[in-house]
Amino acid sequence: MGYLIPIQELLWQMKQHPEQMSAMLVWIIAIATVTLFLLASAGFYYRKYVTLVFKSLRRNLLRTFLTSLAVMVLVFVLTLVVSFLAVLDFVMTEKSKDLKAIVTERWQVPSQMPYAYAPTLEQGAANRSGDIRPEDSMTWSFYGGTIDPEKKTRENMVFAFAMDPRKLRSMMDDLEDLDPAAQQKLVDNKRGILIGREKLQSMNKRVGERIKVTSMNYKDIDLEFDIVGTFPDGRYNNSAVMNRDYLVDALDAYPRTHNGSKHPLADKSLNLVWLRVPDTEAFRHMADQIMGSSLYSSPAVKVETASSGIATWIEPYRDLLWGLKWLLVPTLLITMVLVIANAISISVRERRTEMAVLKVLGFSPGRILALVLGEAVLIGGGSGLVSAGLWYYLIHGVMGGIKFPIAFFPIFDIYPDALWWGLLFGMVAALAGSIIPAWSARTVKVSEVFAKVA
Amino acid sequence: MAAEPIVRVLGVHKFFTRGSEQIDVLNDLHMEVADGEFLALMGPSGSGKTTLLNLIAGLDKPSQGDIWVGGQLISGMTEGQLARWRTRHVGFIFQFYHLLPVLTAYENVELPLLLLPLSTSERRRQVTLALDLVGLSDRLRHRPGQLSGGQQQRVGIARAIVTDPTLIVADEPTGDLDARSAEEILNLMGELRRSMNKTILMVTHDPRAAQRAQRVLHLDKGQLVEGDGHAGKSQEIWTPASARDGSPAMRGAVEGRPS
């Protein structure tokens with residue numbers, strides 16, 4: 001459903017390529033102007049009938065209200081589901097430019113590569129003339145633990161990405177607004193840690209304090225951290241970032257305090273390597289370099305794009321997502337169609353005489369059809385727009401998105417595109433639901449109606 | 001030279017089909033209505049009065065025969081053409097008013113004008129004039145639920161005349177009114193005919209209403225018996241058969257007597 005988020009995609013592109021912003025803005029303004037002009041012209045030309053349509057809805061305010069409410073609830077659920085699916089589509093959509101490649105262990109999940117792979121992988125395993133080097137790179141190791149080993153709770157656990165802090169703003173998504181001073185503190189202080197706002201709050205800690213983390217995955221490697229900063233509000237609210245050198249040094253020092261034995265994860269501490277490449281051609285070339293290199297045979301590695309990496313990660317949930325997309329969404333749409341069909345059918349049945357009178361006055365069958373469809377579209381489209389707009393404001397504006405604590409995923413948010421989804425779903429459902437009763441209204445026989453009336 | 005009649009019905013047959021049964025409603029009907037005439041149609045229930053009215057008003061088509069109104073052959077028009085023709089040429093007054101309850105008196109009268117290429121100010125002028133003519137200029141913003149029966153029928157009359165139609169057809173316009181209101185409505189219709197020289201075709205069971213007409217036609221089993229507008233009198237019926245053999249055809253069994 002990526003095609004449903006063109007506005008969000010456009011906004012993202014403008015953020016990524018501000019030099020193209022002026023051209024994009026011109027296009028947006030041009031398209032919006034033409035669309036608004038067409039709508040305004042249609043509204044102006046047919047304004048005579050708009051009053052009739054509006055007033056017809058006032059005929060039974062309770063029925064109109066209940067129908068609108070039902071449509072609003074259905075559109076709300078639809079908006080949530082479609083937003084969720086659109087986010088997944090968005091992150092899984094293969095980009096053609098400015099790709100990020102992920103290098104992971106080929107045959108094991110979780111990926112645990114030796115740290116010795118890092119220096120060459122960060123260069124894309126380039127060692128011959130003509131080999132492709134990445135534009136930028138980042139390594140991830142995962143360090144997790146608790147600040148209260150006696151009583152482990154979700155609130156006192158912290159999960160940190162151990163990485164080169166100089167890569168924070170250039171390689172991590174949505175950290176362009178990270179305070180450079182906080183990043184520099186992490187560079188200067190190996191024991192520094194950045195922790196997300198919500199995690200800080202749940203741990204009851206503040207920037208400037210010191211914490212001791214008892215590790216849960218790196219047993220016996222318990223580290224003390226200085227909280228040097230926090231992230232901008234967003235997807236990292238429950239995450240943390242530490243300096244990778246701190247972890248590497250701790251692993252190197254482990255044998256000195258453990259009878260010369262290496263830590264069990266000493267050769268498995270590199271979890272992911274990210275590489276930025278300019279386009280798909282460069283990606284393919286570099287993937288061949290890495291996977292064809294003899295440096296990475298034990299364990300073997302694989303290279304994939306970020307989107308396909310995410311796709312692999314959610315593979316177990318494919319059936320569930322299929323059900324959401326092809327069962328739940330159509331069911332919601334059909335329900336909306338039936339709700340509107342019911343309301344409009346009742347309305348038309350009640351107004352057969354009125355339809356006949358309009359025909360007598362000279363309203364053509366086509367106009368009567370259009371009036372009934374207009375009422376339905378007004379309820380459906382209007383309710384859909386109001387519902388989507390309301391939930392967009394509440395979830396995006398007030399809540400800042402529905403926070404989903406999964407590392408690779410952004411916060412699940414309602415995109416501004418929801419405004420036109422809501423309108424479109426409502427209008428389409430209204431048209432589909434009202435076409436039969438509207439046709440029935442169109443074919444009212446005046447002589448039959450008045451014969452019964454008389 | 002006699003003026004061309006505004007309505008000409010020539011050899012009209014109308015039947016309906018109910019399953020396999022054919023029900024004849026009108027049989028070989030011929031009639032003419034002069035320009036500016038007030039004609040009443042009477043007859044027992046099922047005699048075909050309303051059917052004839054609907055045919056002349058372009059709400060239905062004859063099974064056979066021609067109908068000319070204002071020099072136009074309406075029996076050959078398509079449904080869309082008839083709708084457009086009705087807007088400009090026919091004003092319809094219903095027994096039960098049939099005003100749209102969600103619209104004000106002004107908006108109800110304005111309805112037919114929405115179909116014409118008029119500006120808002122032109123529509124306003126015509127609606128105001130029509131409501132003024134029927135004496136309801138102080139009820140523009142009232143909805144039908146806030147008006148009496150007589151007032152609602154006045155709004156109905158205003159709606160019927162607002163487009164300055166060629167023909168006004170009224171189906172039992174006083175059928176749902178008390179005697180006093182009915183009298184007012186009939187006075188109004190008479191006044192409209194006189195002042196605006198409107199041709200009015202009215203179906204009624206009410207002999208008092210029929211007496212206001214210049215001519216009364218009686219319909220029985222799909223055929224016409226002509227009266228002279230006064231109860232108790234009838235004349236020889238004109239049919240093509242009688243014109244051929246000179247013998248009187250069926251005389252109207254109902255002579256100005258309401259059913």
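This is a short chat about reading a few features of a predicted model.

Student: What should I know before I start?

Tutor: This is a predicted model, where local features need pLDDT of at least 70, side-chain atom pairs count only at pLDDT 80 or more, and totals for chains, interfaces and linings use all residues. Residues are numbered from 1 along each chain as its sequence is written, while chains are lettered from A and ligands numbered from 1 in the order in which they are written.

Student: How many residues does each chain bring to the contact between chain A and chain B?

Tutor: Chain A brings 21 residues and chain B brings 21 residues. Here two residues are in contact if their C-beta atoms, placed from the backbone, lie within 7 Å. On the side of chain A that touches chain B, helix 13 of chain A gives the most, with 6 residues. Helices (H or I, at least four residues) and strands (E, at least two) are DSSP runs, numbered from the N terminus.

Student: How do I describe two helices that pack together?

Tutor: You give the angle between their axes and the distance between the axes. Axes are lines fitted to C-alpha atoms, for helices over the stretch in contact, and angles run from 0 to 180 degrees between N-to-C directions. Take helix 12 (residues 318-350) and helix 15 (residues 418-442) of chain A: they pack at about 35°, with axes 8 Å apart. Among the residues that meet are Leu333(A) and Ile344(A) in helix 12 of chain A, and Phe425(A) and Pro437(A) in helix 15 of chain A.

Student: Is helix 5 of chain B largely enclosed or open?

Tutor: 11 of its 13 residues are buried, so helix 5 of chain B is largely enclosed by the rest of the structure. A residue is buried if 20 or more other C-beta atoms lie within 10 Å of its own, with C-beta atoms placed from the backbone. The buried residues of helix 5 of chain B include Arg154(B) and Ile157(B). They pack against elements including helix 4 (120-133) and strand 7 (167-171) of chain B.

Student: And how do I read a sheet?

Tutor: Strands of a sheet pair through backbone hydrogen bonds, either parallel or antiparallel. Chain B has an open sheet of 4 strands in the order 2-1-4-5, with antiparallel pairing; two strands pair if DSSP finds at least two bridges between them. Strand 2 (21-33) and strand 5 (72-73) of chain B are at the edges, each with a single partner strand, so one side of each has no neighbour in the sheet.

Student: Which residue is the bridge partner of Trp68(B) in strand 5 of chain B?

Tutor: That's Leu73(B). Strand 4 (residues 64-69) and strand 5 of chain B run antiparallel, joined by 2 bridges.

How values were computed. A residue is buried if 20 or more other C-beta atoms lie within 10 Å of its own, exposed if 12 or fewer, and partly exposed in between; C-beta atoms are placed from the backbone.
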